[in-house]
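Let's learn to read a few features off a protein model, one question at a time. Have the picture in view as you go.

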Amino acid sequence: MAASPGPAGGAAAGAVHGSGPFGLAFDSGLEIKTRSVEQTLLPLVSQITTLINHKDNTKKSDKTLQAIQRVGQAVNLAVGRFVKVGEAIANENWDLKEEINIACIEAKQAGETIAALTDMSSLNRPESDGQITIFTDKTGVIKAARLLLSSVTKVLLLADRVVIKQIIRSRNKVLATMERLEKVNNFQEFVQIFSQFGNEMVEFAHLTGDRQNDLKDEKKKAKMAAARAVLEKCTMMLLTASKTCLRHPNCESAHKNKEGVFDRMKVALDKVIEIVTECKANGETDISSISIFTGIKEFKMNIETLRENLYFQSKETLSAMLDALLERTEDFTDSAYTSHEHRERILELSAQARMELQQLISVWIEAQRKKTKSIDEELELAILKISHSLNELKKELHSTAVQLAADLVKYHADHVVLKALKLTGVEGNLEGLAEYACKLSEQKERLVETCRLLRHVSGTEPLEITCIHAEETFQVTGQQIISAAETLTLHPSSKIAKENLDVFCEAWESQISDMLTLLREINDVFEGRRGEKYGYLSLPKPMEQAKIAKLGLKLGLLTSDANCEIEKWEDQENEVVRYGRNMSSMAYSLYLFTRGEGPIKTSQDLIHQLEVFAEEGLKLASSVQAFSKQLKDDDKLMLLLEINKLVPLCHQLQAVTKTPSQNQVFLKVDKSITKTRCIMATLVQLLSLCYKLLKKIQMENNRWVSVTNKDSVDGKT
């Protein structure tokens, strides 16, 4: 389940760039309808404005009359389309049907009135002298236009309520299935429920992705992106953590690991509902009160009002504001990671700001007592001096936080501690586990504190939210890695425990990578550039990035389905299993690409990976065909039908990769990912069918051996 929130979703949601990885290439019927309503509204407004603002010239040319008539007809046609959309929404939502239908009737009447008043076809004929037109009844067209806009607004508001209700219903379905997943203790039942859960999460992703794109408030958009990023990454974690629990039911660390994933997902689901319903959680504080940069901005605005009004502020208010602001700089000066030079400079600039405020207050009191030109100049100088000191403080804080973060990310880029934890796990080394768990905890605390400092200097509310998301991710994931490593150390030969640790380590590595994007965006804002997006090096347009991200989640879930099927096989070295595992692994890399993550960095890397993926698919088909020779005619035919689906799809994918892009990179990537999804869906079916048929052969062989043994015994008797 991207795209990382940047300014509006950047580094936190991975692809979460407004539609993360958690946003898919699917629109429910309702989403299409409501979007159509909004798209219809814009041209209507423009056309109506044209009608109302036309000039009442005494002389009207044929060209003018024809233009007015065309506008009227266009409005009526657009209203007709609008009404169809509204009626379709009404038919799907009985509780709002009457309200929507009334609004649609009003819109239709208004459209017909406008069409009639702009009908100039008979205006020049003598018998048409009594005809009422826009020229004789301009008030009528204004009234009709107002009615139309009012009814359109009503439908939009009602449609919005429908979307919110749909998101809430979808969330409730996800929660209900999660409860079943928490309690399940049978692997086959788990696979069945998780498949349902995956479909429900896809539906939730569609709805919330569209909602995120429609949000106008950048702060809400960033919060939605962060919550969706959590859900997306946790879906993969939930699969491996639950499988580990099922495989090792008495392992306390495995249960702790799984519970952590469930808890985080529930919090994220609640956060999404808070955003769409605009209900603030109890006790939630406004993050703007935390940020030093926000405090500096507000303080400077307040002192600058003194130029216009000497009595607008009180001295006590300004002093309290500066004290609160400088108190927050203690996060920097008290940090063990801040260098001595930075600490001394921050303290020096803080003391200077306090001194200059006292000077400003002194001049201010004098200016209130007597108004002269010299006093005005002194006041202006005092304002400029304290503003300059605060700007210098901003620079120093920015430099401190960004340098700390950059050094930390660079130092941990090779992920030595994670590699060591994996090694101690497979060796069953409990002493090594304790040592490296301690090192990871230290690394986690340092990253958490650095995110807190970055939040102070982020410069925008969306980036503050991204910093909070990063802080929470490191805090939670760090602890989950330790519990996953403990499980593997206790069960060093467990493949699923190893896979589970790998998944949590990948989440950590991904968040470290996101920190680089976050740093670039913070620098962009500080230097006066609005954050540019990075990632998808061959897909520069944000809309293209969003669509590719939307294609990804289904692919990610299909790899989970394939892995579930592979887990069933006792012989993990079976050729079919081997090729299937390879394809699933490559598909997962492709999924990471759709999020702007993983080893595939450009569309060219992607094309190469797809070529290898298609080749593996053909090898799998060949192995399955060889297996089919062991089957009876009916079973063989059933399996060959599935093979006949896979082979053409692999050839089609090869053809897509070899087609010259001719600057149509996005279309090529779009087709490739779509085709890969089809192949993965076929792979899941093939693996399931092969497993069932293999079991059938084994049962028949066992029955034959049993009967033969019985006959042998009977013969001796």
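The dialogue below covers a helix, a residue and a cavity in this predicted model.

Q: How does the span of helix α17 agree with its number of residues, and why?
A: Take a rise of 1.5 Å for each residue: the 32 residues of α17, 495-526, should then span 46 Å. The C-alpha atoms at its two ends are 47 Å apart, so the expected span and the model agree.

Q: What follows α17?
A: Look for Gly528, which has a positive phi, near 90°.

Q: Now a single residue. Is Cys104 buried or exposed?
A: The cut-off for buried is under 20% relative accessible area. Cys104 has 2% relative accessibility, so it counts as buried. You'll find Cys104 in helix α4, residues 97-117.

Q: Which residues does Cys104 touch?
A: Leaving out residues up to four places away in sequence, Cys104 touches Val83, Gly86, Glu87 and Val155. As for Ala90, 14 residues from Cys104 along the chain, the two C-alpha atoms are 9.7 Å apart.

Q: How do I look for empty space inside, and how much lies in the largest cavity?
A: The general idea is to roll a probe the size of a water molecule over the atoms, which shows where empty space is left. Here the largest cavity holds about 50 Å³ of space. It is lined by 11 residues, and the closest to its centre are Ala229, Lys233, Arg264, His469 and Thr473.

Q: Which helix gives the most to that lining?
A: That's α7, with 4 residues. Helices α7, α16 and α17 each supply at least two. By type, the lining divides into 5 nonpolar, 4 polar and 2 charged residues.

Note on methods: Residues numbered from 1 in each chain as written. Predicted model: local features only at pLDDT ≥ 70, side-chain atom pairs only at ≥ 80, totals over all residues. Heavy atoms only, no water. Expected span 1.5 Å × (residues − 1). Buried < 20%, exposed > 50% of the residue type's maximum accessible area, 1.4 Å probe, protein only. Contact = heavy atoms within 4.5 Å. 1 Å grid on protein atoms, 1.4 Å probe; cavity = no way out; pocket = protein on both sides within 12 Å on 5 of 7 lines; lining within 4 Å. Points joined across faces, edges and corners; volume = space filled by probe spheres on them. Nonpolar A, V, L, I, M, F, W, Y, C, P; charged D, E, K, R; others polar.
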